[in-house]
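Colleague: Please take me closely through one part of this model, and then go on to the places in it that a bench reader should treat with some care.

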Amino acid sequence: MKRAVKTDQVYSRLRSAIQAGSFATGSCLPREDRFAAELGISRWTLRQALTQLEKDGLISRTKKRGTTVTMDHTNPVISLLLPCTEGINLTNEQSNAYHLRLLAGASQASARTSLRIETIPVSPTNDPEDIDWIKFRHLSASSKIIVPQAWYTPLAPLLEERGCRVVFIREDTRPENGKYFPNATHIVLETRQAFDQALGALVAAGCRRIALAALPYGDFHEEDPRIHCIFIPRRDRMEAIRQIREAYAAEPFDGLFFDLLELVPPYYGASYHELLGLPPSVRIIVPHEMHANRECRPPMSAINCPLELIGAEAVRLLTQPEFEPRIIPVPMELLLRESSEPLNRFRTPTGASALSIPAFNDSFSL
């Protein structure tokens with residue numbers, strides 16, 4: 001790689017990190033030899049990048065103090081973790097809707113105050129075991145972090161060590177994740193209750209043999225005595241279509257609960273039944289609400305998590321004068337559409353009705 005190109009890449013990376021607050025104002029960057037080794041570059045390349053950052057007014061360099069960050073970050077910051085640099089991509093709805101909706105709620109709440117929202121991409125490879133630790137240099141006891149799901153638990157020791165305020169969002173299907181972030185507020189999604197509602201809706205639609213192709217729901221599928229469930233393991237998630245088709249050919253089912261994150265049809269108005277090779281008589285419910293559910297044919301019934309409300313509530317909790325660890329359960333909502341209705345009783349294509357569920361308690365009201 002040419003030196004100029006490498007220098008530009010290092011400059012862009014450090015500039016983005018400084019502007020995002022990864023290095024606190026007034027803090028000193030590591031000595032050039034150690035910093036270059038951490039970044040895996042030569043000292044010459046680092047010096048060229050630092051020279052440009054100094055021209056931009058983001059750092060100052062003196063022989064006595066070394067390299068100091070001069071960009072001001074006086075506004076309080078709420079940090080929302082993202083899996084990778086491409087963690088929010090409007091063209092990839094199925095894998096990013098979760099974080100987009102959380103960010104929307106947090107941004108709306110922060111807009112009412114002087115708060116600033118930053119996003120921290122955790123991994124350059126979308127792997128929780130490959131963390132870009134340089135992104136977390138600036139965190140301290142004054143930092144306020146939204147941890148969106150258990151995927152981020154490898155960061156728990158660091159955030160605990162720094163004394164950060166943390167709101168940790170997790171599902172009740174994995175109670176063992178409760179051991180992480182012991183000093184955080186845990187927002188617990190009541191996924192088990194929503195799953196039970198989904199199975200009940202399929203039974204009400206006349207289904208008596210229901211296939212499960214969604215994790216982690218398969219861990220407790222045998223607990224429901226009302227129906228015979230066929231669990232389709234998904235060790236290789238990209239082979240889900242083949243697994244569903246083979247399961248139906250071996251033992252036909254009339255109801256399906258499956259995770260569609262990798263299986264969104266190639267165009268709006270497409271049919272999940274055609275994509276999966278299933279007859280229209282199979283009733284389907286999916287565990288994640290997103291825009292594609294309303295546009296496919298037939299419209300998909302789905303479990304909806306109030307992510308915008310959760311994002312806003314996380315901001316409120318993190319900015320309270322007194323922050324105390326606690327557990328806040330959050331019920332989910334089952335949106336019923338044509339895909340799970342009895343065959344002789346379809347709703348309008350775009351309509352949806354919601355099962356009645358308990359409202360948030362007062363402590364969760366904005």
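**A helix contact and its surroundings**

Modeller: On the side of helix 2, the residues E32, D33, F35, A36 and L39 meet R43, L46, R47 and L50 of helix 3, where contact means heavy atoms within 4.5 Å. Sorted by type, the residues of this contact comprise 5 nonpolar, no polar and 4 charged; Ala, Val, Leu, Ile, Met, Phe, Trp, Tyr, Cys and Pro are taken as nonpolar, Asp, Glu, Lys and Arg as charged, and the others, Gly among them, as polar.

Before going further, I should say that this is a predicted model, in which local features need pLDDT of at least 70 and side-chain atom pairs count only at pLDDT 80 or more, while totals for chains, interfaces and linings use all residues. Residues are numbered from 1 along each chain as its sequence is written, and side-chain values use heavy atoms, with hydrogens and water left out.

Two packed helices are described by the angle between their axes and the distance between the axes. Helix 2 covers residues 32–39 and helix 3 residues 43–55, and they pack at an angle of about 105° with their axes 9 Å apart; the axes are lines fitted to C-alpha atoms over the stretch in contact, and angles run from 0 to 180 degrees between N-to-C directions. The two helices, helix 2 and helix 3, are therefore roughly perpendicular to each other, a term for angles of 65 to 115 degrees. Helices here are DSSP runs (H or I, at least four residues), as are strands (E, at least two), numbered from the N terminus.

As for confidence, the chain averages a pLDDT of 80, and 78% of the residues score at least 70, pLDDT being the predictor's confidence in each residue, from 0 to 100. Over residues 345–366, however, pLDDT stays under 50, and the model has 49 contacts beyond four places in sequence for them. Where pLDDT is low, the predicted coordinates should not be read in detail.

Some backbone details also deserve a look. Most residues other than glycine have a negative phi, and most peptide bonds are trans. N126, in the loop between strand 4 (116–123) and strand 5 (144–147), has a positive phi of about 60° although it is not a glycine, and at 43% relative accessibility N126 counts as partly exposed. F181, in the loop between strand 6 (165–171) and strand 7 (185–189), has a positive phi near 50°, but F181 counts as buried at 1% relative accessibility (buried is under 20% relative accessible area, exposed over 50%, partly exposed in between, with a 1.4 Å probe and protein chains only). The peptide bond from R297 to P298 is cis, with omega near -5°.

Notes. Angles under 35 degrees count as roughly parallel, over 145 as roughly antiparallel, 65 to 115 as roughly perpendicular and the rest as oblique.
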